[in-house]
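Welcome, and please have your viewer ready. We will go from one selection to the next and look at what is there.

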Amino acid sequence: MQTKNYINGQWLEGKAGRTFPVYNPATEAKITDVHEADAEDVDVAVDAAKAAFPAWRDLSMWDRAEKCLKLAELIDRDRDQIANLEATNMGLPVSSYLPCIDGAIGGIKHTVGLAHDIHGETSLNTPGFVTFTLRQPYGACAAIIPWNVPIIMWCGKVIPCIVAGNTIVVKSSEKAPLTSLKLAALVDEAGFPPGVVNILSGFGHTAGVALSTHMGIRKISFTGSTRAGKAVLEGAAKSNMKRVCVECGGKNPAVIFEDADLEAAAEAVSNSLKFNSGQICVSNSRVYVHKDVLPKFVELFKARFTSVKTGDPLDKETDFGPQVDETQFTNILRLIDEAKSDGAQLVAGGSRAAENGFYIQPTIFVQVPANANLLKTEVFGPVVAIQQFDDEDTVIAECNDTEYGLHGTVFTKDISRAYRMAKAFEAGMVTINCSSENGPYDMPFGGWKQSGTGRENGRVGLDSYFETKSVTLKL
């Protein structure tokens with residue numbers, strides 16, 4: 001297992017000679033030390049990406065696609081190793097991570113297929129002239145990925161970027177860098193030219209800032225906290241106004257009407273929160289239930305949400321892992337204690353779930369006071385607030401009373417009401433009679449308000465890695 005940075009086809013130690021430890025959140029034991037990249041390493045990586053760009057850009061789409069598909073083959077070949085690595089590094093059980101790997105492979109194939117259909121437009125509307133557009137790659141780009149589902153984020157940012165003809169520098173999260181280093185090894189094995197893909201392990205306040213402010217980066221894609229997303233936007237604006245896509249946090253509501261299939265709703269919403277122990281940006285951490293069915297829904301939901309098998313993430317029977325690290329673990333327990341002090345009714349959980357490791361019980365609060373922090377803050381853990389509502393207008397107002405706008409869910413058999421709710425949600429993504437586990441791979445992914453700007457995935461995501469140039473030809 002390589003622990004150095006991957007720059008220009010080589011494994012290099014950080015210029016400053018520093019390393020940082022990586023821990024197993026299930027055991028709290030150190031796994032290894034990883035070489036840290038800082039601003040000087042960013043400079044070297046960006047120079048490599050810029051140098052590799054002209055030749056990579058000028059390859060045919062077939063040639064670039066071939067390399068990306070080869071990478072997909074290698075990921076498929078090493079799927080068990082990747083899943084085990086991630087289970088050890090950030091605690092996501094292999095039972096959950098193997099489907100994520102399938103999703104990443106499918107995403108690569110889908111994006112590569114779309115790439116052949118990106119082209120410009122023509123116009124004869126001006127007599128004596130032919131006008132047309134060219135779609136051209138930016139050049140050297142950057143990506144800053146989060147720790148919660150690294151392979152999905154890595155493939156979702158890297159593949160559209162490079163198949164479009166750009167080159168890229170990726171900074172992984174310091175909490176979960178090992179998957180990115182494994183993927184760097186597969187990039188090398190797949191035969192990508194040096195400098196096309198560069199992988200750095202580092203911290204946001206050093207390598208991350210250096211990427212967002214670098215004059216040599218033409219576009220940057222970021223997924224993470226809203227605070228860090230704002231810093232990336234600011235850095236881009238203050239440097240070269242590089243194009244920016246940021247996907248940040250969510251405080252996602254699910255609305256359960258009195259005519260809903262309550263069992264299906266309870267199953268879908270609990271799955272949304274149980275996946276990765278709640279460490280997912282689109283989980284439904286606020287649930288609004290019509291007063292006529294609140295007791296029944298809480299009963300059904302509690303049975304499903306608290307039915308977990310906690311244990312070693314490497315065990316394929318485990319379906320509920322730890323929080324990623326002690327900081328995340330401590331912050332969630334603090335929010336739980338805050339909610340108790342605010343007068344929220346605790347229905348289940350609320351405590352540490354194991355003597356060792358950063359495990360937290362699935363936690364349910366009902367009738368949380370409107371001013372409680374739990375209703376405003378993204379917990380990013382297995383904690384849900386269930387609220388009662390009386391009518392459609394009131395619940396929409398409560399759902400939208402947040403600075404986030406990533407995902408909204410509604411359960412109802414009334415198709416007209418479902419459409420009204422989908423239209424009314426101030427969110428980039430809406431699911432109807434299902435939840436975030438059914439999000440489509442081929443549609444735009446992103447948020448409104450402080451949940452971000454720009455979109456990834458599908459045709460829109462790929463399209464964002466091309467600049468548009470208008471050309472006028474006099475006949």
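Begin where the two domains meet: across the interface of domain 1 and domain 2, two salt bridges are found. Keep in mind as you look that this is a predicted model. To see one salt bridge, select Lys-175 and Asp-325, whose closest N and O atoms are 3.3 Å apart.

Next, pick out helix H3 (79-90) and helix H4 (94-115): these are the elements that give two or more residues to the side of domain 1 that touches domain 2. Polar contacts also cross this interface, with 10 residue pairs, both partners at pLDDT 80 or more.

Now colour by domain. Domain 1 takes in 5-248 + 451-474, while domain 2 covers 253-432. Their C-alpha centres lie 31 Å apart. If you show contacts, you will find 24 residues of domain 1 touching 29 residues of domain 2. How much area do domain 1 and domain 2 bury between them? The figure is about 2,100 Å², with 61% of it on carbon and sulfur atoms.

For the last stop, select strand E3 (residues 19-23) and show its side chains. Phe-20 and Val-22 make up the covered face, whereas Thr-19, Pro-21 and Tyr-23 are on the uncovered one. Add strand E4 (residues 30-35), which pairs with E3 in the antiparallel sense over five bridges. Opposite Phe-20 you will see Val-34 of E4. Then follow the chain through the hairpin, where six residues sit between E3 and E4. Stop at Glu-28, which has a positive phi near 70°.

Notes
Residues numbered from 1 in each chain as written. Heavy atoms only, no water. Buried < 20%, exposed > 50% of the residue type's maximum accessible area, 1.4 Å probe, protein only. Helix = DSSP H or I, 4+ residues; strand = E, 2+ residues; numbered from the N terminus. Pairing = 2+ DSSP bridges. Domains from an automatic or database assignment. Contact = heavy atoms within 4.5 Å. Buried area = accessible area lost by both parts, 1.4 Å probe. Salt bridge = Lys/Arg side-chain N within 4 Å of Asp/Glu carboxyl O. Polar contact = N/O pair within 3.5 Å; in protein donor to acceptor, adjacent residues only side chain to side chain.
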